[in-house]
Amino acid sequence: MVQAAPFLLVVFLALGAHGLSVQKCNLTGHWKNDLGSNMTIFKVKEDGNFSGIYHTAVSDTTERIQTSPLRGSQHLPNQLNQPTFGFTVHWTFSDSITVFTGQCFVEENHEKEVLKTMWLLRKHADKRGNDWKATLVGYNEFTRLEKQ
Ligand SMILES: *[C@@H]1O[C@H](CO)[C@@H](O)[C@H](O)[C@H]1NC(C)=O
Ligand SMILES: *[C@@H]1O[C@H](CO)[C@@H](O)[C@H](O)[C@H]1NC(C)=O
Ligand SMILES: *[C@@H]1O[C@H](CO)[C@@H](O)[C@H](O)[C@H]1NC(C)=O
């Protein structure tokens, strides 16, 4: 028993330090989704603003895919508690716009962050009569890519 206390203290400090060093659900970084698309989110500002680049693996056009800019906002009061967020992707190779909305979840083992998102893609309709078929809806799950 005399020797157990220092041992437990060491274990506690090691776990505590690890927990503090990994800040979960700050969206800054590299992410990949279930379709093989990926995005890089630059620094999430003090007010939650962020910008980034999106590299899609799929497209509804025949144009060559290019990286496209994104801008969004992360809900900051909940930053350490699975925050909500939204962002807009301005496709550079088509006339479409996509808006994503989602939430960051930290899985129960506290190891893995998962972004659960839904999106609406607005295609350019050549006339008002085609408006009805101009919006697609989808669902994607992102996980963090290892540091690059
Ligand atoms: C998110 O993380 C980035 C990179 O570590 C950091 O520069 C930024 O200040 C953080 N944002 C917030 C709101 O904590
Ligand atoms: C966040 O975005 C809003 C709207 O564009 C802007 O007014 C504000 O200055 C931005 N904040 C920062 C820290 O860049
Ligand atoms: C990001 O996605 C693009 C398009 O699928 C792919 O070409 C590229 O290799 C991916 N990058 C990483 C780091 O996964």
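A residue is called buried here if its relative accessible area is under 20%. By that criterion, buried residues make up 31% of the 148 residues in the protein, and I should say at once that what you see above is a predicted model. Staying with the surface for a moment, the accessible area of the protein comes to about 10,000 Å², and 58% of that area belongs to carbon and sulfur atoms.

Let me turn to the fold. There is 1 helix, together with 8 strands, and if you read along the sequence the pattern is α-β-β-β-β-β-β-β-β. How do the 8 strands close, and in what order? They close into a barrel, with antiparallel pairing, in the order β1-β2-β3-β4-β5-β6-β7-β8, and neighbouring strands of this sheet are turned against each other by 30° on average, with direction ignored. As for contacts with a separation of 6 or more, 40% of them are accounted for by residues 24 or more positions apart.

I would like to use strand β5, residues 84–90, as a way into the barrel. On one side β5 pairs with strand β4, residues 68–74, in the antiparallel sense and over 5 bridges, and in this pairing L70 stands opposite V89 of β5. Strand β6, residues 97–106, is joined to β5 by 7 bridges, again with the two strands running antiparallel; here H90 stands opposite I97 in β6, and the two strands form a hairpin with 6 residues between them.

Which residues of β5 lie on its covered face, and which on its uncovered one? The covered face consists of F85, F87 and V89, whereas T84, G86, T88 and H90 make up the uncovered face. In a regular strand, the side chains alternate between the two faces of the sheet. V89, then, which belongs to the covered face, is the residue that L70 stands opposite, while H90, which stands opposite I97, belongs to the uncovered face.

Elsewhere in the barrel, strand β2, residues 38–41, is joined to strand β3, residues 49–55, by 4 bridges, with the strands running antiparallel, and N38 stands opposite H55 in β3.

That brings me to ligand 2, which is surrounded by K45, E46, D47 and N49. For D47, a polar side-chain atom lies 2.6 Å from a nitrogen atom of the ligand. How much of the accessible area that ligand 2 has on its own does the protein cover? That area is 360 Å², and the protein covers 39% of it.

Conventions
Residues are numbered from 1 along each chain as its sequence is written. Chains are lettered from A and ligands numbered from 1 in the order in which they are written. This is a predicted model: local features need pLDDT of at least 70, side-chain atom pairs count only at pLDDT 80 or more; totals for chains, interfaces and linings use all residues. Side-chain values use heavy atoms; hydrogens and water are left out. Two strands pair if DSSP finds at least two bridges between them. Axes are lines fitted to C-alpha atoms, for helices over the stretch in contact, and angles run from 0 to 180 degrees between N-to-C directions. Buried means under 20% relative accessible area, exposed over 50%, partly exposed in between (1.4 Å probe, protein chains only). Contact means heavy atoms within 4.5 Å. Accessible areas come from the Shrake-Rupley method with a 1.4 Å probe; for residues, only the protein chains shown count as cover. A residue is near a molecule or strand if one of its heavy atoms lies within 4 Å of it. A polar contact is a pair of N or O atoms within 3.5 Å; within protein, one must be able to donate a hydrogen and the other to accept it, and residues adjacent in sequence count only if both atoms are side-chain atoms.
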